[in-house]
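Here's a quick briefing to read alongside the structure. Have a look at the chains first, then come back for the numbers.

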Amino acid sequence: MRARSQLRTTLPALAVLSATLLLAACGGDEDGSAETERPDSFAEIAGAAQGQTVRWWMDGGDDRINAYVDDVVIPAAREAGVRLERVPVGDTADAVQRVIAQRRAGRESGGAVDLIWLNGENFAAGKEAGLWLEGWVRDLPNARFVDFDDPTIVNDFQVPVDGQEAPWSRAAFALAHDSEELAEPPRTYAALLEYLRRNPGRFTYPAPPDFTGSAFVRQVVAAMGEDRAFAYLRELKPLMYRDGETFPESADELNDLFANGQVDFAMSYEANFVAAEVDNGTFPQSTRPFVLGEGALVNVSYVTIPSDAANQAGAQVVANLLMSPELQAQKADPEILGIPTVLDVERVPPDLRGRFDELDESPYVLSDFGQVEQELPASSVEPLEQRWEREILRGD
Amino acid sequence: MTAEGGLLCRSLTVSPGGVGVLRGLSLEVAPGTRTVLVGPSGAGKTTLLRAIAGLEPLEGGEVHLVGRRIDGLAAHRRRIAVVFQEPRLLPHLGVEDNVALTLRAAGVGRGERRARARAGLEEVGLGGFAGRRTQGLSGGEQQRVALARALCAEPDLLMLDEPLAALDPNRREELRRLIARVQAQRGLTTLIITHDRAEAAELGERVALMLDGRIVQHDEPRALFERPVSAAVARFFGVANLLHGTVRDGHLSWAGVALPAPGPDGPATLAIRPDHVELAQEGPLRATVTEAVYTGAHVRLVALRGDHRLEAHVAPALAPPAGAEVTLELPAQRLWRLPGDSDSDGDGDGDGDGDGDGDELSEASGAPSSPADPR
Amino acid sequence: MSGLHASRRWRDRALVAPAVSVLALLFGGAVAGMLKTSLVPLGADGLSGATLDTWRELLGDPAFVDALVFSLRVTVLATAASAALAVPVAVALRRRGLAIRSLAALPLPVPHLLVAVAAVLWLGAGGLADRLLGGLPVNLVRDDAGVGIVLVYVFRETPFLVLLMLAAMGRGLQERTEAAAVLGASPGQRALWVLWPTIRGPLVVGSIIVGAFVLGAFEVPLAVGPSYPPTLATFAFDATQGSVLAGEGLAAATLLLTSTIAVALAVAAVRFARDAEGA
Amino acid sequence: MVRRPLLARAGGLAIGLAFALPLAILGVRAFADTWRAPALVPQDWGLRGFEAAFGGGATVEAFGNSIVVALGATALALALGWPAARVLGERRLRRPGVVFVALAMPLLVPPYATGAGLTEWFIRLRIIDSLGGLVLAHLTAVLPYVVLVLLAGFGTKVTELEDMGRTLGLSPARRLAWVTLPSVAPTLAAATVLGFLVSWSQYGSSLAVGGGLPMAPLVLFPFIGPDPQTAAALSLLYVIPPILALLVTARAASSPL
C-alpha cells in the first residue's frame with residue numbers, strides 16, 4: 001500500500017519536473033551566431049587556420065589507420081600550422097550524434113566536431129538537415145588532382161556530394177580465403193552455392209545493419225537485382241554457418257570465425273583488410289583477397305566538416321592535406337595502409353606521380369577489383385536492410 | 001535559586017519529533033549530591049536528560065549549572081558528562097584512548113593523558129585494562145570504561161542514563177556501589193536515571209519520580225516509599241494497599257474497621273505497604289487468605305475481607321496457607337494519609353490537580369513544602 | 001510549539017535538496033531531451049512540430065514486441081541467477097581476507113564489453129574451450145535462448161551483489177548469529193532469521209540496479225546475443241546504425257520505454273520485498 | 001576440527017579464482033601477437049598490443065583525464081551525497097520514497113538512454129566539452145551509488161556515538177574526525193571506491209559531453225571489436241587505477257583517520 005501511495009505522489013511530481021525541463025529544453029537558443037564570413041581564397045583559410053586545434057572524429061579501432069594519422073597526417077598538419085587531434089570513436093554514429101545535438105540545442109557555432117570520417121547514409125541525412133559546411137571542397141588546392149567527373153567521387157551513395165565532403169579513401173568490397181586451406185576459392189555466386197553444398201556451414205556474413213553485412217547484401221543485389229538477390233540469399237541460408245540461424249554481428253566477429261577456422265571466407269568493404277588483419281596477426285599469412293562475381297561494389301570514403309564546427313579553417317586545411325599526393329601515396333603504400341587513392345593519378349604532377357607507380361605489389365591487396373559496381377541510393381539502404389531482416393533473418 | 005553550584009532546570013518544555021513530552025518541568029539537584037530520576041518507561045526521563053545535555057532543543061525553559069545558564073550552549077560546551085545505557089565506546093580505539101578522549105580534546109599532552117586515563121581506570125576498578133581493545137570486554141567492564149571516560153572529563157554534572165540496565169544482577173550491584181563511592185569521593189553533582197525503584201532507593205540521596213513528563217514527587221527515598229503524595233506515586237513504589245474511605249473525628253472507616261487518620265474530615269485515602277501489614281493474634285480486622293505465594297524473601301498474602309482486599313508480606317515461617325482465616329493488623333504509625341482528597345480512582349496521572357497545567361505541576365516537584373515533605 | 005520541529009524538517013529537506021536538485025537538473029534535463037527527440041524530428045527545415053509518428057511506428061513493429069519479450073526474459077533470468085549465486089558466494093567469502101575478496105571483485109572494474117570479449121575467447125566457436133575439448137557440446141555464444149548473455153551478466157554482476165552483501169554483513173552479523181545459535185536456532189533458522197534480514201536490503205537494491213542495467217545495456221547482447229530477436233537496447237542501437245538522424249527518434253522512444261519498464265519493475269520489486277518483510 | 005578452516009579457505013580461494021581466472025585470458029591475449037585455433041597457447045608472443053595502445057600518445061592523457069574526473073566526481077558526490085545519505089539513513093524524512101526515486105533514477109534509466117539527451121542538455125547549460133562538464137556528467141551516475149552506499153553507514157549507532165562525543169565536550173570538528181568518520185569509515189570507503197569505479201567506467205557520458213577529450217574508456221572501446229589484442233593490453237592497464245583505488249581505500253578504512 002505504501003509503495004503505491006508513494007508512486008502516486010511521485011509520478012505527478014516527476015511529470016511536472018520533466019514537463020518543466022522539456023519546456024526549458026524546447027526554448028530556442030537566441031545567440032546562435034550568424035553565418036561566418038566566407039574567406040575568398042584558400043590562402044586566407046590557411047591563415048585563419050594557424051594555431052587552430054582540429055578534432056577529427058574517426059573510428060579508432062584500426063591501429064594501422066591510427067598510426068597513419070598519428071605518424072603522417074598529424075606532423076603534416078603541424079607543418080601547416082594546425083594542431084590535429086584524433087578523436088577515436090567506436091562508432092561513427094557517436095560523432096554524428098554530437099553534431100545533431102548541437103543543432104537540436106540551437107547552437108550554430110563552437111561545435112566540438114571539426115572533421116568527421118563519415119558513412120554515406122549519415123552524410124545523406126545530414127545533408128538534408130543542413131548539418132554540413134557547404135561548397136568548400138572544390139576550393140581546396142589539392143582538389144585539382146581529383147576527377148570530379150568520376151561518378152563514384154561526385155556521388156556518395158548516389159547522393160550528390162555538392163562540395164560538402166572531401167574524398168579521402170577508396171573502398172572496394174572483397175572476400176578473403178586461406179590459400180593453404182583452399183587454393184582456389186569460388187569466384188562466382190553459383191560457385192559459392194555449389195561450394196557450400198559440398199561444404200555446408202563454411203560461410204557466413206555479418207547481419208545487416210552491420211556496415212559490412214549490409215554491403216554484402218548490396219553487393220549481391222548489385223550483381224543480380226533485388227528480387228533475385230533475395231532468392232539467392234534464401235537459398236544460401238540453410239547452407240551457412242550454424243544453418244544460417246545465427247549471423248556474426250560484425251566484420252570483426254566474422255574475421256575471428258575465419259581466423260579460427262570456423263568458416264572459409266572473410267569479407268570487408270575495406271580494400272586493404274587482408275593486409276591489416278595479417279599485419280595484426282589475426283589472419284594467417286597465406287590469406288588472399290578475391291572478388292566475388294563480375295566486380296566489386298566500390299565506394300569512396302569522405303571527410304566532412306559540420307557547419308557548426310569551431311575550427312572550420314583548420315579542418316579545411318587538414319582535408320586538403322588528406323588529398324595531397326604525398327599523403328595519398330603513403331596511404332596507398334601496402335607497407336603503410338594499402339588503401340587505393342582517390343586521386344586521378346593522371347592529374348598528379350609527374351614528379352609526384354612516380355610515388356604511385358613505385359608502390360610495391362602486395363599479395364594482400366588486390367590491384368584489380370573487376371568491373372565497378374555502383375552503390376545504391378542512400379535512401380534505399382534501410383528498406384533493403386529491413387527486407388533482409390524480414391525475409392532472411394526471421395524467414396517470414 | 002537554591003542550588004547555586006548544582007543543576008537547576010526551570011519550566012522545561014521539550015517536544016522531540018513534534019510530540020510534547022515535557023511541558024514546564026522543573027528540577028533541582030543540589031551541588032555535590034546524587035539525585036535519581038525514576039519513572040516507568042516512556043515517562044520522559046531520557047528526554048529530560050537529553051535536554052539537559054543539549055542533545056534535544058528546548059522550546060521553553062532554562063537550565064542552569066553551577067550558577068551559569070547553559071541552555072543556549074552547544075552540548076559540548078556545557079561541561080556535562082553522560083554515561084548512557086549502552087557504553088558507546090568507540091570501536092576503533094582501545095580502552096585507554098577511549099578514556100582519554102576528552103583529555104585529547106582538551107589538548108592534554110600524551111604522557112599526562114595516559115597517566116590520567118590509567119588513574120581513571122584504576123578508580124573504576126579496571127587497573128591493567130589500559131592496553132586492551134574494547135571488543136573483548138564484558139558489558140560491565142565496558143560500562144566501567146564509559147564511567148572512567150566520563151570522570152576524566154571532570155564535568156560539572158555527571159548524568160547516567162540507566163547505566164545498569166543491561167547488566168546481570170551481580171554486576172549491577174558492584175557497579176551501583178562503585179558509582180555511589182566515586183560520586184561521593186569526588187563530590188560530583190550527579191543525576192541518575194532508572195526505571196527500577198529499588199535501584200533508585202539504593203542510589204539516590206534524593207529521588208525524583210517522573211510520571212508522564214511531570215515530576216510528581218522529589219524527596220528522600222524513604223519518603224517516596226512510605227509517604228507518597230498520590231496514589232500514583234504509591235502504586236509506582238509498590239504500595240499495594242490504598243484504603244479509600246471517609247475520615248470523621250480522626251478515623252477512617254474501612255471495611256467496617258476504624259483506622260486512625262489524622263487531619264480534617266472528609267473523603268481520604270490511607271496507604272500502607274504490604275511489608276508493614278502484620279499478622280496479629282486478635283483484633284477487628286479478620287480476613288480470608290486467597291493467595292499465598294512464596295517469593296524467597298517473604299510470602300505474599302492476598303487477603304479478602306468481604307470485597308475489600310489487602311496485601312501483606314510476611315515471614316515464610318509465619319505464613320498461613322491459602323484459605324486460612326487470619327487477623328491482620330495495620331500499625332497506626334505505618335498508615336499514611338495521602339495528601340489531597342479526591343484521589344480515589346488513582347489511574348496513574350491523577351495527582352490531585354484537577355486542571356494540572358505545566359506551571360502548577362511544578363509545585364509537586366520543585367516545592368519541598370508539599371504536604372508530604374517531612375521537613 | 002511545533003516551530004522547532006517544523007524547522008528541523010525544513011533543515012532535513014534542505015540537506016537532501018542539493019543531491020536531489022543536482023540530479024533533477026542534470027539528469028532530468030537529459031531525459032527530457034530524449035523525450036523531445038522522440039517527439040520532434042530534426043528534418044530538412046530544422047525542428048518541426050511534435051508528432052507521435054515515431055511512437056506509433058515503434059509500437060507497431062513486431063520486432064519491437066519480440067525484443068520486449070526477449071529482454072524481459074533475459075533480465076529476469078540474469079538478475080535471478082546473479083542473486084541466487086551471490087548469496088552463497090557472499091556467505092563463503094564472509095571470513096576471507098582482502099586478497100580473496102579482491103580476486104572475486106576483479107570483474108567489477110572490467111567493462112561489460114570486455115567481459116563479453118573474454119567470454120567469446122573462452123566459449124566462442126574456435127575459442128579456448130572449443131580447442132581444449134575438441135568441440136563444443138552446446139553453443140553458448142549467440143544461442144537463440146540468450147543463455148550466453150545470462151552467463152556473462154551472472155559472471156559480471158555476481159561480484160557486485162556479493163560486495164554489497166559483504167558490506168552489510170560486516171560487524172554485527174557474527175554476534176547476532178551466535179546469539180541465535182545460543183538460543184537454539186538451527187543453521188537453517190539462523191540463515192532465515194539472522195542472515196537473510198541482514199542481506200535482504202542490499203540484495204534487493206543491488207538486484208534492482210542489476211536488472212535495470214541488464215534491461216537497458218546493449219554491449220553484451222551485441223557481443224554474444226542471438227541475431228534475432230534483439231534486446232530493447234540492441235533494437236535501439238540498430239536503429240541508429242545507418243543514419244543517426246533517421247533512427248534517433250525511434251531509439252529514444254525505445255529507450256524511454258525501457259526506462260519506464262525499469263522503473264516499474266524496480267517499484268514492483270521494492271513493494272514485493274516489503275510485503276515479504278511483513279509476512 | 002583443524003581441517004575445516006583450511007577447507008573453507010580453499011573454498012574461498014576457489015571462488016575468488018573462479019571470478020578472476022576467466023579474465024586472465026585477457027592477460028594472455030594482450031601478449032599474443034598470433035593466437036589462432038587450434039593452438040592452446042599463442043603461436044607468437046609480442047608487444048604489438050601495447051605498441052598500438054600507446055601509438056597516439058593520447059592514452060596517457062586519457063588515463064590522466066579519467067583519474068582527475070573520477071576523483072572530482074567522487075569528491076563532489078561525497079560532498080553532496082553525505083548530508084542526503086545522513087537524512088535518509090537516519091530515517092528523518094516522513095516520505096523518503098520520493099527522494100529515493102529521484103536519487104535512484106539514474107540507476108534505473110539505462111546509461112545508453114541518456115547519452116544523446118545529455119549532450120544536448122549540457123550544450124544548453126554551456127558545460128560541454130570540458131573536464132568540468134565531464135565531472136558533472138559523471139556525477140549523475142556516481143551520486144546515486146554514493147548515496148545508496150553511504151546511507152547504510154548512518155543510523156542510530158552513529159548518532160549515539162556522536163551524542164556521546166557531544167556530551168563529552170568534543171567540538172563539531174573533532175566529533176567529525178574522531179567519532180563520525182571512523183564510525184562510517186567502511187561505508188565511506190566503499191562509497192568512494194564504487195564512485196571512482198562508476199566514473200572510471202563511464203563510456204556513454206564521457207563521449208556525450210567530453211567533446212573528444214580523451215578518456216580511458218574512450219581510448220579502450222574502439223579497439224574492443226576490431227583489435228582484441230590491443231583491447232586486452234589496454235584492459236590490463238585499465239583495471240590498475242580501480243584496483244589501486246580499492247587497495248588505498250581498504251587501507252584507509254581499516255586504519256582510522
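**Chains A and C in brief**

Of the 396 residues that make up chain A, 61% count as buried. Keep in mind that this is a predicted model. For chain C, the buried share is 53% of its 279 residues.

**Secondary structure**
- Chain A carries 15 helices and 11 strands.
- Chain C comes with 11 helices and two strands.
- If you walk along the sequence of chain C, you get the pattern α-β-β-α-α-α-α-α-α-α-α-α-α, with both strands coming right after the opening helix.

**Contacts along the sequence**
- Take the contacts in chain A between residues at least 6 apart in sequence: 81% of them join residues at least 24 apart.
- Do the same for chain C, again with residues at least 6 apart in sequence, and 72% of the contacts link residues at least 24 apart.

**Exposed surface**
- Chain A exposes about 15300 Å², and carbon and sulfur atoms supply 48% of that area.
- Chain C exposes about 11300 Å², with 69% of it coming from carbon and sulfur atoms.

**Dimensions and charges of chain C**
- Along the principal axes, the C-alpha atoms of chain C fill a box of roughly 80 × 75 × 35 Å.
- How many positive and negative charges does chain C have? There are 20 positive and 17 negative ones, and the mean positions of the two sets lie 17 Å apart.

Technical notes: Residues numbered from 1 in each chain as written. Chains lettered and ligands numbered in written order. Predicted model: local features only at pLDDT ≥ 70, side-chain atom pairs only at ≥ 80, totals over all residues. Heavy atoms only, no water. Helix = DSSP H or I, 4+ residues; strand = E, 2+ residues; numbered from the N terminus. Buried < 20%, exposed > 50% of the residue type's maximum accessible area, 1.4 Å probe, protein only. Contact = heavy atoms within 4.5 Å. Areas by Shrake-Rupley, 256 points an atom, 1.4 Å probe, with all protein chains shown as cover. Lys, Arg positive; Asp, Glu negative; His and termini not counted. Charge placed at Lys NZ, Arg CZ, Asp CG, Glu CD.
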